[in-house]
Amino acid sequence: MLDQRTRFTSTNPFKENIVDPRGALDSRRYNETVNYCTWKGISCSRRHRTRVVSIDLDSQGLVGSVSPHLGNLSFLIGINLQNNSFQSPISQEFGQLRRLEYIEFSKKSFHGEIPKNLVPISKSSLA
């Protein structure tokens, strides 16, 4: 079972591998002293208040690579990273997200092959 510290470290590496020219991931909002459930673009469960259920960072001008540690966010239902410029493939670790229902990675957000374990997700746009 992941504790709050582990869940923070799953979301925090996300910003460590990203160039953020617009300040969408400003360190004043995205740090260990500020509850990650209050970060812009991060939504947590109402029932399990420390569990991330949604990441929406559409069109933030982000460049870099997405950490495979996001695969540890076991309550994640949706993720929207479209209209950014990630130079990494979509990580196989996303296949660990059994509750994942929605992915939006379109508009050349990533490169490489779509992992086979993501293909069954019906409400997604991976183009």
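Leaving aside neighbours within four places in sequence, which residues is Glu 93 in contact with? They are Pro 68 and Gly 71. Keep in mind that this is a predicted model. The chain has 127 residues, 46% of them buried, and its secondary structure comes to 1 helix and 7 strands. Here's a quick tour, starting with the overall layout and ending back at Glu 93.

**Overall layout**

- Going along the sequence, you meet the helix and then the strands, in the pattern α-β-β-β-β-β-β-β.
- Take the contacts in the chain with a separation of 6 or more: 49% of them link residues 24 or more positions apart.
- About 7100 Å² of the chain is exposed, and carbon and sulfur atoms supply 49% of that area.

**The nonpolar core**

- The largest nonpolar core has 26 residues.
- If you want to know who touches the most other members, look at Val 52, Ile 55, Leu 76, Ile 79, Leu 81, Phe 94 and Phe 105.
- Strand 2 (42-44) supplies at least two residues of this core, and so does strand 3 (52-56).

**The three-stranded sheet**

- Strands 1, 4 and 6 make an open sheet of 3 strands, in the order 1-4-6 and with mixed pairing.
- At the edges sit strand 1 (18-19) and strand 6 (85-86), each of which pairs on one side only.
- Strand 1 runs antiparallel to strand 4 (residues 63-64), and the two pair over 2 bridges.
- For a landmark in that pairing, find Ile 18, which stands opposite Gly 64 in strand 4.

**Back to Glu 93**

- You'll find Glu 93 in the loop between strand 6 and strand 7 (102-104).
- Is Glu 93 buried, exposed or partly exposed? With a relative accessible area of 31%, Glu 93 counts as partly exposed, because that value lies between the 20% and 50% cut-offs.
- Pro 68, one of the contacts named at the start, is 25 residues away from Glu 93 in sequence, yet their C-alpha atoms are 5.7 Å apart in space.
- The side chain of Glu 93 also makes a polar contact of 2.3 Å with the side chain of Ser 91.

Notes. Residues are numbered from 1 along each chain as its sequence is written. This is a predicted model: local features need pLDDT of at least 70, side-chain atom pairs count only at pLDDT 80 or more; totals for chains, interfaces and linings use all residues. Side-chain values use heavy atoms; hydrogens and water are left out. A nonpolar core is a set of buried Ala, Val, Leu, Ile, Met, Phe, Trp, Tyr and Cys residues joined through side-chain atoms within 4.5 Å. Buried means under 20% relative accessible area, exposed over 50%, partly exposed in between (1.4 Å probe, protein chains only). Helices (H or I, at least four residues) and strands (E, at least two) are DSSP runs, numbered from the N terminus. Contact means heavy atoms within 4.5 Å. Accessible areas come from the Shrake-Rupley method with a 1.4 Å probe; for residues, only the protein chains shown count as cover. Two strands pair if DSSP finds at least two bridges between them. A polar contact is a pair of N or O atoms within 3.5 Å; within protein, one must be able to donate a hydrogen and the other to accept it, and residues adjacent in sequence count only if both atoms are side-chain atoms.
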